[in-house]
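Me: I'm new to this one and would like to go through it slowly. Could you show me the structure before we start?
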Amino acid sequence: MVITSVSSNPQPTLVARELSVFYGEKQAVFDVDLDIMPREVTAFIGPSGCGKSTLLRCFNRMNDLIEICRTTGSMLLDGHDIAGPDVDVVQLRSRIGMVFQKPNPFPKSVYDNVAYGPRLHGLAPSRSDLDELVETSLRRAGIWDEVKDRVDQPGTSLSGGQQQRLCIARAIAVRPDVLLMDEPCSALDPIATATIEELIDELRSEYTIIIVTHNMQQAARVSQKTAFLNLGRLIEFDETTKIFTNPSEQSTQDYITGRFG
Amino acid sequence: MLTYLPLLIIVLFGVGAFYASRARIGAAPEQPLPGLPGHYGWYGTLWTVVPATLVYAAWAVIDGQIIRNIVLSDHPGLSGAEATLLFVSIENAAAGVMTEDVPMASVELLLKLENLSTTARFAVVTAVSVLGFFWAWQRIRPELTARDRVETALLVALFIASIIAILTTVGIVLSLVVETFRFFQLVSPFEFFFGLEWSPQIALREDQVAASGAFGAVPVFAGTLLITVIAMLVAGPIGLMSAIYLAEYAHPRVRAVIKPLLEILAGIPTVVYGFFAALVLAPSMRNLGVDLGLTISSESALAAGLIMGIMIIPFVSSLSDDIMTSVPMSLREGSYGLGATASETIKRVVLPAATPGIVGGFMLAISRAIGETMIVVMAAGLAANLTANPFEAVTTVTVQIATLLVGDHEFDSEKTMAAFALGLTLFFVTLALNVVALRVVQKYSERYD
């Protein structure tokens with residue numbers, strides 16, 4: 001395999017082996033094997049209902065919240081099991097942050113939104129530490145200049161794109177290694193989308209990012225690796241340039257040229 | 001029969017007017033109309049029905065008074081009460097109930113006038129309906145903006161519906177104010193609001209013990225406050241915790257059983273709670289008190305407050321549960337995604353977001369507790385003790401209003417009018433509570449939406 005991105009650590013951050021997900025009797029994800037490399041953006045693409053969001057939500061065990069949902073197979077984060085019943089989900093989720101499809105800031109101030117995670121995990125012992133952490137996170141999410149004068153105003157009063165960057169700041173405030181993004185731009189206008197995409201590209205230097213997207217141009221723009229899923233199966237997983245120029249599978253070719261989906 | 005015939009005619013004419021008006025515009029040349037044919041139909045119906053109905057209603061209000069004046073004009077020189085008495089007996093005689101000493105001429109006059117009125121009303125209402133229809137008929141042309149007019153009529157109807165409740169409230173307050181004003185001419189407001197003794201007796205004899213009543217309302221309001229506080233201490237935590245369990249933890253199947261069961265609590269008649277408090281809870285509490293060396297009277301604020309608290313649990317739990325369930329799942333996911341546990345998510349995200357609704361539920365429960373009468377009558381007693389000791393008997397505003405108005409009293413005695421003063425004060429207290437609650441809800445809504 002040709003590795004185009006510069007990577008000092010050849011070990012994958014996240015590994016999935018024979019991962020299957022069931023909703024009751026219905027199987028949504030079939031035997032997925034996947035290695036997510038560090039400091040890269042990996043995009044999951046595929047038609048609606050292909051299981052890409054379900055697969056994404058396996059990695060931080062968000063599927064646990066759904067009563068009828070059951071997962072089999074194994075998942076490793078830096079070599080440690082994260083699929084078993086004994087895994088500390090609180091710990092796991094502080095290492096794997098998540099940004100959702102619709103911006104979901106809490107009905108609290110901008111400051112309290114970002115401080116939410118650090119307070120939960122006791123990351124900032126003093127008020128000044130917390131102030132600093134909030135500012136750093138907002139800066140890193142590229143929204144500090146827009147909100148620095150109104151951090152005590154409700155997060156919900158920001159525009160959609162600002163809300164989504166606030167949610168990114170909130171996620172990185174707990175200093176995760178991995179960021180999961182579930183169609184983070186689908187509720188945003190093109191300008192806000194472009195801002196978020198630039199941000200994702202910057203965040204790549206510090207975080208391992210997995211992004212689910214409906215938008216193939218977006219996958220091509222922001223990701224280094226792309227996984228194409230269809231009907232719950234991982235059809236093809238390779239360098240993004242290869243997927244979009246010379247895919248190995250006919251159905252990948254059909255999807256990216258817009259023949260279905 | 002003739003009494004209701006005009007209404008039947010109005011309905012039939014209205015239906016007819018709809019089809020006739022619709023057909024009239026349908027016959028007009030094809031062009032875009034400012035309204036669907038149905039709008040023209042409703043336009044005709046409204047003109048046919050509304051004025052005629054108003055005339056019918058106005059007639060019903062006015063004709064009794066006119067007939068009464070004509071009949072009584074044969075009997076000049078009577079006082080107001082005497083005239084009323086005479087007219088009632090004339091009416092009874094006319095209805096076939098035999099009464100002594102009724103001037104038969106007046107009875108016949110009454111019957112004649114009533115017949116005349118009914119017939120005239122029938123004619124007038126029918127005429128107004130027909131006139132209304134023709135007024136609409138000759139105005140129905142393609143230029144008529146029927147859609148706008150029908151929409152406006154609907155708007156007016158909705159507006160009237162909304163002010164009926166307000167007008168009723170105003171009427172209630174005015175009647176209370178008048179009676180209260182009369183009460184304050186007999187008993188000074190200072191004594192009423194600051195007096196520490198409540199003993200609304202009216203002497204039957206001059207030399208009776210405790211001949212002069214005392215109308216200091218402080219003990220009564222203190223009793224209401226004490227019982228309400230006890231009830232909220234029970235219902236607040238239990239209701240909120242059961243709401244949290246139902247909304248956040250309970251399996252859907254468990255929830256489907258528990259929630260309706262809790263709501264049944266709200267459907268039990270309060271008098272039944274009263275039995276339970278008076279016959280089971282209060283005696284066992286008194287016995288428990290004996291064992292513990294406490295003096296608990298057999299009618300106590302505690303017994304009434306506890307039972308009332310149980311009664312209002314569903315008001316707190318059901319509303320809070322609805323509000324918490326309506327907090328979007330995306331907020332919970334956001335919190336869980338940051339590594340929060342279920343209880344952290346509830347405490348930091350769900351409860352703050354649901355605060356306005358929860359405050360609303362609490363306020364509803366409080367006004368319910370303040371207004372509750374039956375449980376207190378049975379479990380807390382009638383003794384107006386000024387005490388903060390929940391083991392003693394107390395009484396509440398509503399209980400006193402009920403007891404003051406039960407039995408035969410003149411409606412102008414201090415005792416009866418004291419009930420109106422209590423009622424008015426209670427009205428303003430609950431009004432103030434509601435205003436405060438609304439302010440709280442608004443404040444949080446501004447912050448959290």
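Reply: A word on terms before we begin: the bounds of a domain, as used here, come from an automatic or database domain assignment. Please also keep in mind that this is a predicted model.

Me: OK, so which domains does the assignment give for chain B?
Reply: For chain B the assignment gives domain 1, covering 5-144, and domain 2, covering 199-448.

Me: And how many Å separate the centres of domain 1 of chain B and domain 2 of chain B?
Reply: Taken over C-alpha atoms, the centres of domain 1 of chain B and domain 2 of chain B are separated by 48 Å.

Me: Switching to chain A, how many helices and strands does its secondary structure have?
Reply: Chain A has 10 helices and 10 strands. Its radius of gyration is 18 Å, close to the 18 Å that the globule rule gives for 261 residues, so chain A is as compact as a globular protein of that length.

Me: What share of the residues in chain A is buried?
Reply: Of the 261 residues in chain A, 44% are buried.

Me: Now the contact: how many residues does it take from chain A and from chain B?
Reply: Chain A gives 21 residues to the contact, and chain B gives 18 residues. On the side of chain A that touches chain B, the elements giving two or more residues are α2 (89-95), β6 (96-99) and α3 (110-121) of chain A, and the largest share, 4 residues, comes from α3(A).

Me: How do the residues of that side of chain A divide into nonpolar, polar and charged?
Reply: The side of chain A that touches chain B has 11 nonpolar, 7 polar and 3 charged residues.

Conventions: Residues numbered from 1 in each chain as written. Chains lettered and ligands numbered in written order. Predicted model: local features only at pLDDT ≥ 70, side-chain atom pairs only at ≥ 80, totals over all residues. Rg over C-alpha atoms; globule rule 2.2 N^0.38 Å. Buried ≥ 20, exposed ≤ 12 C-beta atoms within 10 Å, placed from the backbone. Contact = placed C-beta atoms within 7 Å. Nonpolar A, V, L, I, M, F, W, Y, C, P; charged D, E, K, R; others polar.
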